[in-house]
Amino acid sequence: MKKIRCPKCGNTIFFDESEVDENRTFVTSCPECGKKVGVRLKTAKKSAAQASQSKEENSTTSDTATASTEAVSSENFGKLVVIENRFHYKQEFPLHLGDNVIGRASRSSHVDCAIATDDPSMDMTHCVVKVSRDRNGRLKYVLRDGPSNTGTFVGNELLGDHERRVIEDGTLFTLGATSIILSLE
């Protein structure tokens with residue numbers, strides 16, 4: 001027998017674990033107030049022997065898929081090193097192929113590089129660093145403004161609304177009071 005507390009009245013509800021379905025969920029009603037209560041039981045963790053056995057089974061069936069995934073994920077596309085001038089707080093964000101959207105971290109932001117900052121001059125989607133390959137297969141990094149309210153500075157120059165700037169290892173660019181360095185190490 002298992003027991004839970006009713007979230008409405010606090011009454012203790014007893015139930016038999018054998019009544020739980022294969023998805024490990026169960027719905028019951030509180031006998032005191034009638035409130036419906038959903039219960040989701042945690043699944044038992046696999047033992048180390050079971051985990052290694054299932055891992056071996058998966059690896060034998062998908063060796064080629066695993067090998068290609070590891071090759072893609074192990075490639076280094078560089079990183080952005082963020083140094084907030086006001087608080088000297090350093091953050092690092094790995095880059096990936098395609099658009100890397102940079103902005104201020106918040107619950108509703110959907111950016112790749114969510115910078116934790118109190119800087120009010122940084123927008124939630126401030127700028128983008130696009131990582132691509134040129135004709136020779138070398139990595140190419142292009143910076144563009146979001147568009148943002150305060151703009152994106154490369155060195156001491158403000159990027160125009162539709163301007164794109166090729167940046168290289170060690171390039172410093174600024175979003176509000178926050179400095180960012182492209183690092184290819």
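**View 1. Strands β7 and β8 run side by side in this predicted model.** The two strands are parallel, and 3 bridges join them. On the β8 side, which spans residues 113–115, I115 stands opposite R104. Strand β7 itself covers residues 98–104. If you're wondering what links the two strands along the chain, look for the loop between β7 and β8, where you'll also find S106.

**View 2. On to the pairing of β7 with β9.** Here the sense is antiparallel, with 5 bridges between β7 and β9 (residues 127–133). One pair to pick out is G98 and its bridge partner in β9, V131. So β7 takes part in two pairings: a parallel one with β8 and an antiparallel one with β9.

**View 3. A closer look at S106, in the loop between β7 and β8.** Is S106 buried or exposed, or something in between? S106 counts as partly exposed because its relative accessibility is 30%. While you're here, find T117 as well: S106 and T117 are 11 residues apart in sequence, and their C-alpha atoms are 9.5 Å apart in space.

**View 4. Two cysteines, C113 and C127, with no disulfide between them.** Why is there no bond here? The sulfur of C127 has its closest cysteine sulfur in C113, but at 8.6 Å that is too far for a bond. A disulfide would need the two sulfur atoms within 2.5 Å. A search of the whole structure turns up 0 disulfides, and C113 is in none, with the sulfur of C127 as the nearest one. Both cysteines are tucked away: C113 counts as buried because its relative accessibility is 1%, and C127 is buried too, with a relative accessible area of 1%.

**View 5. The largest nonpolar core, with I102 and F173 in the thick of it.** This core has 21 residues, and I102 and F173 are the ones with the most contacts inside it. Which strands supply at least two residues each? They are β5 (79–84), β8, β9, β10 (139–145), β14 (172–175) and β15 (178–183). Strand β9 gives the most, with 3 residues. There's also a second, separate core of 6 residues, and C6, I13, V37 and V39 are among them.

**View 6. F173 and the residues around it.** Setting aside neighbours within four places in sequence, F173 is in contact with residues from several parts of the chain, including L80, I102, C127, V129 and L143. Its other contacts include T152, F153, V154 and I167, as well as T178, S179 and I180. You've met C127 already, as one of the buried cysteines.

**View 7. A cis peptide bond at P147.** The bond from G146 to P147 is cis, with omega near 0°. That's worth a second glance, because most peptide bonds are trans. As for its place in the chain, P147 lies in the loop between β10 and β11 (152–154).

**View 8. The whole chain, and a stretch to read with care.** There are 185 residues, of which 30% count as buried, and the chain has 2 helices and 15 strands. The accessible surface comes to about 12,500 Å², with 49% of it belonging to carbon and sulfur atoms. Mean pLDDT is 78, and 73% of the residues reach 70 or more. Over residues 57–73, though, the pLDDT is below 50, and this stretch has 0 contacts beyond near neighbours in sequence. Where pLDDT is low, the predicted coordinates should not be read in detail.

Technical notes. Residues are numbered from 1 along each chain as its sequence is written. This is a predicted model: local features need pLDDT of at least 70, side-chain atom pairs count only at pLDDT 80 or more; totals for chains, interfaces and linings use all residues. Side-chain values use heavy atoms; hydrogens and water are left out. pLDDT is the predictor's confidence in each residue, from 0 to 100. Contact means heavy atoms within 4.5 Å. Helices (H or I, at least four residues) and strands (E, at least two) are DSSP runs, numbered from the N terminus. Buried means under 20% relative accessible area, exposed over 50%, partly exposed in between (1.4 Å probe, protein chains only). Accessible areas come from the Shrake-Rupley method with a 1.4 Å probe; for residues, only the protein chains shown count as cover. Two strands pair if DSSP finds at least two bridges between them. A nonpolar core is a set of buried Ala, Val, Leu, Ile, Met, Phe, Trp, Tyr and Cys residues joined through side-chain atoms within 4.5 Å.
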